[in-house]
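Student: Could you walk me through the aromatic side chains and a bit of the strand pairing in this one?

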Amino acid sequence: TSFCNLRMPLIKGKSARQTLKEKGLWEEYRKSHPYNPAAKFYSSGTESMTNDADLSYYGTISIGTPPQSFSVIFDTGSSNLWVPSVYCNSSACENHNQFNPSQSSTFQWGDQSLSIQYGTGSMTGLLGSDTVEVGGISVAKQVFGLSETEASFMTYMQADGILGLAFQSIASDNVVPVFNNMITQGLVSEPIFSVYLSGNSEQGSEVVFGGTDSTHYTGTITWIPLSSATYWQINMDSVTINGQTVACSGGCQAIIDTGTSQIVGPTTDINNLNSWVGASTDQSGDAIVNCQNIPSMPDVTFTLNGNAFTVPASAYVSQSSSGCMTGFGQGGTMQLWILGDVFIREYYAVFNAQSQNIGLAKSA
């Protein structure tokens, strides 16, 4: 068979933070749902996710015969696929697309239930299998979750569900992930996928399954071996500013996570990093800076397995109508660093499931 790389375009849509601010609900929401990016990585045996109010990249997949369409977050920090179902009465399901198994001739029920922990609640549901179409690839007999209950914060997210791209070792119920099935069903020419996240424009971001797109990066790809094939986890040597170590002293573990909007680390490290760049943290945990200071703020360098990856202030500060804040978020006591969308916008990321390494190159 001849392969072409299969492109999954992502739309950069409105984040929950933007939606809530427009409705005048943001401050109240943040008080009752404090940001807990680490929640996704705490729970044992259940697949978890965070109440990330700034996620904004979505792609459309379809499930069933005939196809039913869903927008999902392509999440390299988790491993299950799930979507809302017609069995769900939560408010979050009512304003999102819901899968109806009775309308698909290829659907089959599984024999297990699914429970996914969130920072502020959970998603529970049932497992079934069906044909899942992603970027022109039809994956047969993919096991996925059909939600029955969903945490309330999902109401404000644009995406209907999540498509996890991490390893089976952390999948809830040991479900085989979508990308594993693409490989074993011979649907991709190489066991790799790559992610490009555009900066400001709504269009242009994409996941390519089976290869890379050289128009999305400049220079060469630096390959970094995984330290653990669970998340896409690697060794980070240090976080430095002007050659001075400001965080991750003596080394730490980091994951490349498309499903987290910020760069997240242990709270003490993040507070130190934010104060070094001149940010002050407000009561909701946002690190506020004066927008006029961006040109004079320092670069931050993340050294991964001996290779330096520098992120300038223009990339780590986000601007909105209500001011500017850094993209460095507090992860509590968790020692794992999460290099999320703030980092991936700067560095095109290639994920090789077979040789178990990550390639990073400067985004074009």
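Tutor: What follows is a short chat about ring pairs, a surface patch and a sheet. This is a predicted model, in which local features need pLDDT of at least 70 and side-chain atom pairs count only at pLDDT 80 or more, while totals for chains, interfaces and linings use all residues. Residues are numbered from 1 along each chain as its sequence is written, and side-chain values use heavy atoms, with hydrogens and water left out.

Student: How many aromatic pairs are there?

Tutor: The structure holds 20 aromatic pairs, where rings of Phe, Tyr and Trp (its six-membered ring) pair if their centres lie within 6.5 Å, and planes under 30 degrees apart count as stacked, over 60 as edge-to-face and the rest as tilted. One of them joins Phe107 and Trp109, whose ring centres are 4.8 Å apart with planes at 90 degrees, so this pair is edge-to-face.

Student: Is Phe107 buried or exposed?

Tutor: Phe107 is buried, with a relative accessible area of 12%, whereas Trp109 is partly exposed at 45%; buried means under 20% relative accessible area, exposed over 50%, and partly exposed in between (1.4 Å probe, protein chains only).

Student: And what about Phe193 and Trp232?

Tutor: Their ring centres lie 5.8 Å apart and their planes stand at 85 degrees, so Phe193 and Trp232 are edge-to-face. The pair links distant parts of the chain, 39 residues apart, with Phe193 in strand 10 (residues 192–196) and Trp232 in strand 14 (residues 232–241); strands (E, at least two residues) and helices (H or I, at least four) are DSSP runs numbered from the N terminus. Both residues are buried, and ring pairs link them into a cluster with Phe74, Phe167, Phe179, Phe209 and Phe351.

Student: Back to Trp109, which surface patch is it part of?

Tutor: Trp109 makes a nonpolar surface patch of about 290 Å² with Val86 and Tyr87; patch residues have over 30% relative accessible area and no salt bridge, and nonpolar side chains (Val, Leu, Ile, Met, Phe, Trp, Tyr) are joined within 5 Å. A salt bridge here is a side-chain nitrogen of Lys or Arg within 4 Å of a carboxyl oxygen of Asp or Glu. Tyr87 is partly exposed at 39% and sits in the loop between strand 5 (81–84) and helix 4 (91–94).

Student: Switching topic, in what order do the strands of the open sheet run?

Tutor: The four strands come in the order 18-19-23-22, with antiparallel pairing, and two strands pair if DSSP finds at least two bridges between them. Strand 18 (280–281) and strand 22 (317–320) are at the edges with a single partner strand each, so one side of each is left without a neighbour in the sheet.

Technical notes: Patch = residues over 30% accessible without salt bridge, like charges linked within 9 Å, V, L, I, M, F, W, Y side chains within 5 Å. Areas by Shrake-Rupley, 256 points an atom, 1.4 Å probe, with all protein chains shown as cover.
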